[in-house]
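The following exercises concern the architecture, the core and the charged pairs of one protein. Each task is followed by a solution in steps.

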Amino acid sequence: MTEESPKRRDTEANGVIEEVLPNAMFRVHLDDGRTVRASISSAARHSTVRLIAGSRVGVKLSSQDPSRGHVTRKL
């Protein structure tokens with residue numbers, strides 16, 4: 001008996017890094033007013049990207065926990 005997993009619908013948003021947290025985590029204030037905790041996407045880990053407080057970034061939000069996401073690019 002197999003259940004089909006629901007399709008993941010991750011959404012993208014833009015925001016500004018408010019705070020750099022330990023273990024490559026960031027607190028990001030999104031343009032729509034929400035604040036999420038985000039880590040770096042695996043694709044971004046392969047290149048050197050300097051992310052500091054005040055950097056404008058693109059974030060892919062998780063469909064299962066909208067308060068979490070991945071930083072996908074620096075804008």
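## Exercises on charged pairs, fold and core

**Exercise 1.** Arginine 56 and aspartate 31 form a salt bridge, with their closest N and O atoms 2.7 Å apart. Determine which parts of the chain this pair ties together.

*Solution.* The model is a predicted one.
Step 1. Place the partners: arginine 56 belongs to strand β4, whereas aspartate 31 sits in the loop between β2 and β3.
Step 2. The pair therefore ties together parts that are 25 residues apart in sequence.
Step 3. Consider accessibility. Buried means under 20% relative accessible area and exposed over 50%, with partly exposed in between. Arginine 56, at 34%, is therefore partly exposed, and aspartate 31, at 52%, is exposed.

**Exercise 2.** Establish how many salt bridges the protein has, and describe the pair formed by glutamate 12 and arginine 73.

*Solution.*
Step 1. The criterion is a side-chain nitrogen of Lys or Arg within 4 Å of a carboxyl oxygen of Asp or Glu. By this rule there are four salt bridges.
Step 2. In one of them, glutamate 12 meets arginine 73, with the closest N and O atoms 3.2 Å apart. Because glutamate 12 lies in strand β1 and arginine 73 in strand β5 (residues 68-74), this pair links parts 61 residues apart in sequence.
Step 3. Both partners are partly exposed: glutamate 12 has a relative accessible area of 48%, and arginine 73 has one of 38%.
Step 4. Another salt bridge joins the side chains of glutamate 19 and arginine 27, at 3.2 Å from N to O. Here too the partners are partly exposed, glutamate 19 at 36% and arginine 27 at 31%.

**Exercise 3.** State the order of the secondary structure elements and the share of contacts that join residues at least 24 apart.

*Solution.*
Step 1. The protein contains one helix and five strands. From the N terminus, their order is β-β-β-α-β-β.
Step 2. Of the contacts between residues at least 6 apart in sequence, 50% join residues at least 24 apart.

**Exercise 4.** Identify the residues of the largest nonpolar core that touch the most other members, and list the contacts of leucine 30.

*Solution.*
Step 1. Buried residues account for 29% of the 75 residues.
Step 2. The largest nonpolar core has 14 residues, of which Phe26, Val28, Leu30, Leu51, Val57 and Val59 touch the most other members. Two or more core residues come from each of β1 (11-21), β2 (25-30), β3 (35-40) and β4 (56-61).
Step 3. Setting aside residues up to four places away in sequence, leucine 30 touches Ala13, Asn14, Gly15, Val36, Val59 and Leu61.

Conventions:
Residues numbered from 1 in each chain as written. Predicted model: local features only at pLDDT ≥ 70, side-chain atom pairs only at ≥ 80, totals over all residues. Heavy atoms only, no water. Core = buried A, V, L, I, M, F, W, Y, C linked by side-chain atoms within 4.5 Å. Buried < 20%, exposed > 50% of the residue type's maximum accessible area, 1.4 Å probe, protein only. Helix = DSSP H or I, 4+ residues; strand = E, 2+ residues; numbered from the N terminus. Contact = heavy atoms within 4.5 Å.
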